[in-house]
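Student: I am new to this one. Could you help me see how its descriptions are reached?

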Amino acid sequence: MRNQRTYSAVLNNGIPITLCHRAVKLFRIRVKPDGSVEAVAPWRMSRETALRLANERADWVREHRAKFLERGVMQYANGELVPLWGVKCPLRVVSGKPGAQFDGEYIVLSAPEDSGAEARRAALLTLYRRELERAIPPLVSKYAAALDVAAPRWSLRDMRSRWGSCTPARGTVRFSLALAAKPPECLEYVVAHELTHLRIHGHGPDFHALVRSVYPRENDARSLLRSTV
């Protein structure tokens, strides 16, 4: 059974990418925190078609890659500062099973000795997930009541280009794990924003008016989301 086939390629703008064929349904491309680029294509898609689709996103790739590289490549090494709820906490790395916890002063990240930055980031996300799983339920209850909607089913995803998404037809909401890096008011705003979509699907004036009726500090929270912690 085939699991993956991987190629090295270069976009038309000169950025190298890794092109992978896997058992997926749709083509996707992402920029990793270290600036590397990975495109994933279904088995049935030809290499040429996958590379064409990647080149169609070349401008997006260049912009997002530049943002990562401008703020420096996180290695998740001892002493690096990692954001948690809007506060930069020093990182302490120990050898062990992947995971992370906050001891009140340090984020203690456990990972195998030979782990790279991406594996250590994945370990950090276990802490973010626990924090959000604690913080989200009361906010969902609060804003479901304020908006007079049924509390949706929600999940957490490692989303790198958006803070949340809502599927009103299914009554489901997804939140980015990266929200645990931002100040708590950012999470509250995103919960209010996504649950408002259960009432209004688009982002017109009526949508933002309804958001502000339940979360008046919408503009302040949006500015915090755009800022670097």
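Tutor: Happily! In this predicted model, helix H5 covers residues 205-214, and its buried residues are Phe207, His208, Leu210, Val211 and Val214.

Student: What makes these residues of H5 count as buried?

Tutor: Buried means under 20% relative accessible area. Phe207, His208, Leu210, Val211 and Val214 are listed as buried, so each falls under that cut-off.

Student: Why are the buried residues of H5 said to line one face of the helix?

Tutor: Looking down the axis of H5, you find them within an arc of 160°, and therefore they line one face.

Student: Which exposed residues sit on the face turned away from the buried side of H5?

Tutor: Pro205 and Ser213 are carried there. Exposed means over 50% relative accessible area, so both pass that cut-off.

Student: What do the buried residues of H5 pack against?

Tutor: They pack against H3, H4 and helix H6 (218-226).

Student: Now the sheet. What makes E10 and E11 count as paired strands?

Tutor: Two strands pair if there are at least two bridges between them. Four bridges join E10 to strand E11 (residues 172-176), so the pair qualifies. These strands run antiparallel, and Gly164 stands opposite Phe175 in E11.

Student: How do H3 and H4 sit on the sheet?

Tutor: Helix H3 (residues 117-147) packs on the sheet and touches E9 and E11, with its direction at about 155° to that of E9. Helix H4 (residues 184-196) also packs on the sheet, touching E10 and E11, and its direction makes about 150° with that of E11.

Technical notes: Residues numbered from 1 in each chain as written. Predicted model: local features only at pLDDT ≥ 70, side-chain atom pairs only at ≥ 80, totals over all residues. Heavy atoms only, no water. Helix = DSSP H or I, 4+ residues; strand = E, 2+ residues; numbered from the N terminus. Contact = heavy atoms within 4.5 Å. Axes fitted to C-alpha atoms, helices over the stretch in contact; angles between N-to-C directions. Buried < 20%, exposed > 50% of the residue type's maximum accessible area, 1.4 Å probe, protein only. Arc of directions from axis to C-beta.
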